[in-house]
Amino acid sequence: MRIRWSICLLLLSCFCVGAATPRPQIQVTAKRRTDSDGRGSGYYDLYKTKEQKQVLDITVRSLDRVPRECQVQWYFTARPAAGGERFIYDQGSSAHAMSATGATNLTATSTTLRSEKSQFYGDGRVRRSGSEVEGYFVLVGVDGQVVATTASTRPLQQAVSNPKTLQQLLDTANNAEP
């Protein structure tokens, strides 16, 4: 009898604590399409130009029993073609009123990135310029707190999951030039 009563009290306390500060239960998924166009030419050298842009189909699903306002932010990342650190080259955001156990679909398109590769056959030099598409990440916030994330690659997901590296990555958005 005591065990049943203590289990009831434990369950009741869990529900009461959960009712006071419910954590939003939101899932986010994204599918990426990369549109690219490449051209090349040359007789004594090889010259290739590549233009890429990303299109994201984002789905935000609420698992809550109460409606919520959420902020969806998406970021597109790239790396310099000649090598270097990842940076954010395009971003966007959108506010949505999520119904209880509802879903929202949206599409986000990045700007076009251009990269060039020149290879000179006479001396074997290779010159790269511009930037190449790396991936994306999506953040969903409720009441100023990030409650769900998704990213195109595991290393990017790990970077987004850590608040310190996420802030460093977001700081690159202000300094980036594609």
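## The Phe76–Tyr89 pair

In this predicted model, Phe76 and Tyr89 are both buried. Their ring centres lie 6.3 Å apart and their planes meet at 40 degrees, so the pair is classed as tilted. The angle falls in neither of the outer classes, because stacked requires planes under 30 degrees apart and edge-to-face over 60.

The two residues belong to distant parts of the chain: Phe76 sits in strand 3, whereas Tyr89 sits in strand 4 (residues 87-98), with their positions 13 residues apart in sequence.

## The Tyr75–Phe137 pair

A search of the whole structure yields two aromatic pairs. In the pair formed by Tyr75 and Phe137, the ring centres are 4.8 Å apart and the planes are at 20 degrees, so this pair is stacked. Tyr75 is part of strand 3 (residues 68-80) and Phe137 is part of strand 7 (residues 126-142); the pair therefore ties together parts that are 62 residues apart in sequence.

Both members of this pair, Tyr75 and Phe137, are buried. Strand 3 thus contributes a residue to each pair, namely Tyr75 and Phe76.

## The two sides of helix 2

Helix 2 spans residues 154-161, and its buried residues are Leu156, Ala159 and Val160. These three cover an arc of only 95 degrees around the axis, which places them on the same side of helix 2.

Arg154 and Gln158 lie on the other side of helix 2, where they are exposed.

How values were computed
Residues numbered from 1 in each chain as written. Predicted model: local features only at pLDDT ≥ 70, side-chain atom pairs only at ≥ 80, totals over all residues. Heavy atoms only, no water. Phe/Tyr/Trp six-rings, centres within 6.5 Å; stacked < 30°, edge-to-face > 60°. Helix = DSSP H or I, 4+ residues; strand = E, 2+ residues; numbered from the N terminus. Buried < 20%, exposed > 50% of the residue type's maximum accessible area, 1.4 Å probe, protein only. Arc of directions from axis to C-beta.
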